[in-house]
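Colleague: Please take a close look at one part of this model for me. Begin with a single residue pair and work outwards from there.

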Amino acid sequence: MTDRYCVFGHPIGHSKSPAIHAAFAEQTGETLEYTAIEVPLDDFAGAWRRFVEAGGRGANVTVPFKETAYRLCDALTPRAERAGAVNTLILEADGRTRGDTTDGAGLVGDLKRRGVTLSGARILVLGAGGAVRGVLEPLLAEAPARLHIANRTADKADGLAADFADLGRVSGGGFESVEGPFDVVINGTSASLGGDLPPLPNDLFAPGATAYDMMYGAEPTVFLRWAAERDAATIDGLGMLVGQAAESFCLWRGVRPDVDPVLGALRRAL
Ligand code: ATR
């Protein structure tokens, strides 16, 4: 039987993951099937159990199930434990479910591929939700000079900073707490595609700084347009999407796919 993988979400109709994993499989010569499965909001555990019974070996998990998936795992990697969320389920040989999160590795890998130096950098992260929590450990593992988390709800940024304080120089606060300059500014709020930007100082960016938006679209996000007007180099989150998929593929198959050709094809299709 062909090894089966999938992405679970709700909604899941527009997921790019099946195309990404099909491209990875073709590129690496791996034989597998990867589909998108929409899961009822109240039956994530049942969906995973049924998928395993039907030959499922692993799954990606997306909105809104990452925390639910975290809770059903029999074992977690340390980075998933910290993130409090899981985007990759792995069925072990003994039938246990192991959870990992590859979002942060996808982000850091994308930044590095684009030549952005994180070691010694002054990093600002906007937002303090699940998406940001999921990337903090891999970012701090790169040993930035400092990392500040700014969020509309200041308490959430403070809480996150406290949770990760043992990993590096991390601080948190409301948007008024932002004091530049920063070498890397990462937008992890869900407010970046339309609508208003957080109130940010105009002198946010150091010379040669990079602005990264975890979101992507056919057009640059509001945040990236704002950053480009202030001479920052801009990167959207499409490479993070392909990067996290590559990390998951590697966890399942033990083979590391090449991100660049798949990213290029997705970019052309946007
Ligand atoms: P995700 O999983 O995408 O991180 P989330 O946990 O709901 O989703 O977090 C959403 C993030 O976007 C939060 O940081 C949120 O700020 P609050 O904690 O103050 O709610 C941020 N966000 C959403 N809409 C926003 C807006 N209009 N302006 C600024 N921040 C916004």
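Modeller: Start at Gly9, whose bridge partner in strand 2 is Glu38. Residue numbers count from 1 along each chain, as its sequence is written. The model is predicted: local features need pLDDT of at least 70 and side-chain atom pairs count only at pLDDT 80 or more, while totals for chains, interfaces and linings use all residues.

Now widen the view to the strands. Strand 1 covers residues 3-9 and runs parallel to strand 2, with seven bridges between them. Strands here are DSSP runs of E with at least two residues, helices are runs of H or I with at least four, and both are numbered from the N terminus. Two strands count as paired if DSSP finds at least two bridges between them.

This pair belongs to an open sheet of six strands. Read across, the order is 2-1-3-5-6-4, and the pairing is mixed. Strand 2 (32-38) and strand 4 (75-76) are the edge strands, each pairing on one side only.

Which helices pack on this sheet? Helix 2, residues 44-53, touches strand 1, strand 2, strand 3 (56-61) and strand 5 (88-91). The direction of helix 2 makes about 145° with that of strand 3. Helix 9, residues 238-253, also packs on the sheet and touches strand 1, strand 3, strand 5 and strand 6 (97-100). Its direction makes about 10° with that of strand 5. Contact means that the C-beta atoms of two residues, placed from the backbone, lie within 7 Å. Axes are lines fitted to C-alpha atoms, for helices over the stretch in contact, and angles run from 0 to 180 degrees between N-to-C directions.

One loop next to this sheet deserves a check. Pro64 sits in the loop between strand 3 and helix 3. The peptide bond leading into it from Val63 is cis, with omega near 0°.

Next, the wider frame. The protein divides into domain 1 (3-101 + 240-269) and domain 2 (104-236). Those bounds come from an automatic or database domain assignment. Over C-alpha atoms, the two domain centres are 25 Å apart. At the junction, 13 residues of domain 1 are in contact with 13 residues of domain 2. On the domain 1 side, helix 3 (66-72), helix 4 (78-83) and helix 9 each give two or more residues. Helix 9 has the largest share, four residues. By class, that side has four nonpolar, four polar and five charged residues. Nonpolar means Ala, Val, Leu, Ile, Met, Phe, Trp, Tyr, Cys and Pro; charged means Asp, Glu, Lys and Arg; the others, Gly among them, are polar.

Another open sheet has six strands in the order 9-8-7-10-11-12, with parallel pairing. Strand 9 and strand 12 stand at its edges with a single partner each, so one side of each is left without a neighbour in the sheet. On average its neighbouring strands are turned by 15° against each other, direction ignored.

Follow the pairs across it. Strand 7 (residues 122-126) is joined to strand 10 by four bridges, and Leu124 has Val185 of strand 10 as bridge partner. Strand 10 (residues 182-187) pairs with strand 11 (residues 205-213) over five bridges, with Ile186 opposite Tyr212. Tyr212 in turn stands opposite Ile235 in strand 12. Helix 7 (residues 154-163) lies across strand 8 and strand 9, at about 165° to strand 9. Helix 8 (residues 222-229) packs on the sheet, touching strand 10, strand 11 and strand 12.

Pro181 gives another cis bond, joined to Gly180 with omega about 0°. It lies in the loop between strand 9 (170-173) and strand 10.

Last, the ligand. Around it are 16 residues, and Gly129, Ala131, Arg152, Thr153 and Ala191 come nearest. A residue counts as near if its C-beta atom, placed from the backbone, lies within 6 Å. Helix 6 (residues 130-141) gives the most to this shell, three residues. The shell holds five nonpolar, eight polar and three charged residues.
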